[in-house]
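Student: I've never looked at this one before. Could you walk me through it with some questions and answers?

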Amino acid sequence: MGLFQKLVNLLGVGRKEVNVLVVGLNNSGKTTVVNSFKSEEDKMTDIVPTVGFNIEKFQNQNLAFTAFDMSGHGRYRDLWEHYYKECHGIIFVIDSSDRLRLVVVKEELDLLLQHPNICQKSIPILFFANKMDCKDALSSVKIAAALGLDKIMDKPWHISASNALTGEGLQEGVEWLTQQIRENLNVKH
Amino acid sequence: MDRYFFLFLKMNVSKWLEAHTDRSANLITLPRNAILADISGTGDYNLVITDLKFKTDNKSRLKTFRGTILISDQALPSLPNSLISFFADRLEPRIPVVGVACGSEVFFYKNLKPFYQFRVPSCPLIDHESNIWKEIIETKQFDVDKMVESLKEIPYSNLSSRSQQLLTEYSLTKAEAFIRKYMDSIPVKDDTITCMITLERTSKDKTSISCPIIATEFSNIYILDPQNFSIIQQANTCNTAATPFLIRCSGLYDVEFRILIATREGHICLLRKGWLEGKSLIQLKSDIVDMVLVPGDNFIVVASVDKIIQCFTKRGQRLWSSEVNSPITTMCLVRLEHLSTSLVAIGLKNGSIQFYQGRQAVDYLSIADSPSVIVFGQLGQEENVLVVITAGGSISFKILKRTAEFSNVPQESTPLIQSKPLPLPKRSKLFLEQSIRERQHALEIHQTFQQDLIRLRLTAARALIQNLTDQSGIGNEKEQIKLSAQVLGLGPKFTIVLTLENINPTKPLVGLKVTFHVNPLYYILSNYVIKIPLIPPSLSFKMQIKAKEIMEESGNEEQSNSNAIRVFVSRQEFSIPVLAATINMPPTELIA
């Protein structure tokens, strides 16, 4: 049996499936981030504001990701919490050029962290300080300070500056997330 | 304890997020001079304000912010008084026109570039004034003194600005030079714009084409065509003298609309489609500060200088009024579409903003100093942003939390909905029989009831009379003292026995005295003041005094009026009696 399992793992047949939740305010670039993880032929050319949510699938290092790309519009943010229970990781996308709404980002993050389905779990949170190419974009360090990320003690988190249009910074972030989720899964089994 | 702490937290947590505050922005902006508009057509809303500079060498500016960052700053030709934005066409991308009223002109900007200038038609000159100037133009000769004298005959406010300026020149040489400078043309009397608003043309959506409406100093109202800026309707504010300074509207230009104009005289005038003259709808006793129309009900909320907010229906009936604790500086409508409600934000001079939902204050914000303009709407990508510019020049951006709710706390006026049905008993046979009997003998039952009622009243009245005539039973409920008197004897010598009873079951009575008041012409008492010793609870004290009637044959008739002894029970330190009673003395039976 052990040999068979090893063989399966080696061939990559029994890939583990994980769910990640992609959240963030509207116009922060969640759909664009998810889009750049997809294979060339699946990529969308024009991206419109998401209504409700989209489910996208992509792979990274033998993990099959199911991404719940949530709408960030104010009236759909209530939907986020319904997916907290099943998710193995969270990708939080931030528009680093939108200084005005940084307080709103913090508010939404706090609501997320206080949610009973999140606060007891030690799920990894990956922050993308997106739109780093914009000229008035804040650095990822400044964003981490503004959001008070240093106060998150019980969950692994990582912030990386990104540009979802070119794909810069995304791979680094997602590799961190993959590793974290893999560690979590190994602990459980 | 935990629960109290939670309550405490809940009460103090603000519904607003502090997005950004700049205390050194140094902006001087007046109400109706700040708008939120998507001026670039990208869906990223901008804040457009006018920054007033009152010094002549420093021009006022039109400033545009993207988010919290100033992106454009351009000089305005003169002092601006109001700012509007509206969609003029259906070209893609949809870019609105920004209109700034300065003096008698409106400057229209698109994409932050000026593209049209509209001038309000000038008013005709008074014949007398135009004759004076015509004469000068024709003859090229003038006498300054004579001219000034004849101009002074006309009321100052009816003159053209050129004549007004001439009258303010003191020195003769300067006045002469002034006339020489302008003696080739007839002056024009400019009409100054006082306020502006926009009115949607055919539909109510966010990007529908709207018509600008302009109100002027000489109480003219102009509705402009948004495409070619020609006047499509012109009207007078009111049939009486009225200077509009604030204008609000509801409805659609093509269907039916209502324009409400607040005037400096304290009137609110109504103008509807097709009217050539507005009608005064409401008249206020004090000056109006600001006015908003609450969508939906079309209620008019008016703030006046005497710190009062009043709400009127669209027909002008007053619904409610409320007083605030500080003078009102500005008001702003806060439309919360996601909660399908509207609040009215009221800026107070003491540096606070109160939010009213209907007549109730539902929220409160505290800011650095008195707000001079408040504007609420979409800014950037965020839909519910409150921008406050204060008199001290600071600007602050506040974002309404997504989770904020303005639930109506139960009001006294609205009765609670009866959730439980009344506990009615089952319909028994007995009940049915009874009701049949009541139906058959209704008249008799009614009569019997009425008879019994009358009897009851009679018994009550009798008991009252008896109580009044019978001297015993005078008491003071509050002090719990009861006094009764008894008169013994046939006269002319009587003995009066007074009983003072302490009804209080727990407290003793201390420090009382009884004073007798009597007409000394008729009675002589053995004692006029009696000090009462301590009366223990639920016990009584009896005292006796002797009264002697002075017998005079002649005074018998008068005596009947004053054959009374008045008794006062009082505490020793106080002059107000605890209890007062009158003892009617019986007449002396003269034995022949």
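What follows is a chat about how the two chains meet and about a few spots inside each of them.

Tutor: Sure, and keep in mind that this is a predicted model. Ask away.

Student: How many residues of chain B are in contact with chain A?

Tutor: Contact here takes heavy atoms within 4.5 Å. On the other side of the interface, chain A brings 18 residues. The number for chain B is 15 residues.

Student: What area is buried between chain B and chain A?

Tutor: Carbon and sulfur atoms give 55% of that area. In chain B, Leu17(B), Gln381(B) and Arg402(B) lose the most area to chain A, together 44% of what that side buries. The whole area buried between the two chains is about 1400 Å².

Student: Which strand gives the largest share of the side of chain B that touches chain A?

Tutor: The side chains of Arg66(B) and Asp136(A) meet in a salt bridge at 3.9 Å, N to O, but let's look at the strands. At least two residues each come from β1 (16-22), β27 (382-390) and β28 (395-400) of chain B. The largest share is three residues, and the strand that supplies it is β1(B).

Student: By class, how many charged residues are on that side of chain B?

Tutor: Go through it class by class: the side of chain B that touches chain A has six nonpolar and three polar residues. The count of salt bridges between the two chains is four. As for charged residues on the chain B side, there are six.

Student: Why does the salt bridge of Asp78(A) and Arg402(B) join two chains?

Tutor: The side chains of Asp78(A) and Arg402(B) meet at 2.7 Å, N to O. Asp78(A) sits in the loop between β3 (63-70) and β4 (89-95) of chain A, while Arg402(B) sits in the loop between β28 and α6 (429-440) of chain B, so the pair joins two chains.

Student: Are Asp78(A) and Arg402(B) buried, exposed or partly exposed?

Tutor: Buried means under 20% relative accessible area and exposed means over 50%. Asp78(A) has 47%, and Arg402(B) has 24%. That makes Asp78(A) partly exposed, and Arg402(B) is likewise partly exposed.

Student: Which residues are linked with Asp78(A) in a network of salt bridges?

Tutor: We already have one link, the pair of Asp78(A) and Arg402(B). The network takes in residues from chain A as well as that arginine of chain B. Linked with Asp78(A) are Arg77(A), Glu108(A) and Arg402(B).

Student: Asp98(A) and Arg101(A) also form a salt bridge. Are they buried or exposed?

Tutor: Their side chains meet at 2.9 Å, N to O. The cut-off for buried is under 20%. Asp98(A) is at 16%, so it counts as buried; Arg101(A) is at 2%, so that one also counts as buried.

Student: How many residues apart are Glu18(B) and Lys398(B)?

Tutor: The side chains of these two meet in a salt bridge at 2.5 Å, N to O. The pair links distant parts of the chain, with Glu18(B) in strand β1 and Lys398(B) in strand β28 of chain B. Glu18(B) is partly exposed at 43%, whereas Lys398(B) is buried at 3%. Along the sequence, they are apart by 380 residues.

Student: Which side chain makes a polar contact with the side chain of Asn60(A)?

Tutor: Asn60(A) lies in strand β2 (residues 53-60) of chain A and counts as buried, at 9% relative accessibility. Beyond its neighbours within four places in sequence, Asn60(A) is in contact with residues including Phe65(A), Gln171(A) and Thr178(A). The polar contact, at 3.3 Å, is with the side chain of Thr178(A).

Student: How many residues of helix α2 of chain A are buried?

Tutor: This helix covers residues 30-37 and is mostly covered. Among the buried residues are Lys30(A), Val33(A) and Phe37(A). Out of eight residues, the number buried is seven.

Student: Why are the buried residues of α4(B) on the same side?

Tutor: They are Arg162(B), Ser163(B), Leu166(B) and Leu167(B). What covers them includes α2 (127-139), α3 (144-152) and α5 (172-181) of chain B. They are on the same side of α4(B) because they cover an arc around the axis of only 135°.

Notes
Residues numbered from 1 in each chain as written. Chains lettered and ligands numbered in written order. Predicted model: local features only at pLDDT ≥ 70, side-chain atom pairs only at ≥ 80, totals over all residues. Heavy atoms only, no water. Buried area = accessible area lost by both parts, 1.4 Å probe. Helix = DSSP H or I, 4+ residues; strand = E, 2+ residues; numbered from the N terminus. Nonpolar A, V, L, I, M, F, W, Y, C, P; charged D, E, K, R; others polar. Buried < 20%, exposed > 50% of the residue type's maximum accessible area, 1.4 Å probe, protein only. Polar contact = N/O pair within 3.5 Å; in protein donor to acceptor, adjacent residues only side chain to side chain. Arc of directions from axis to C-beta.
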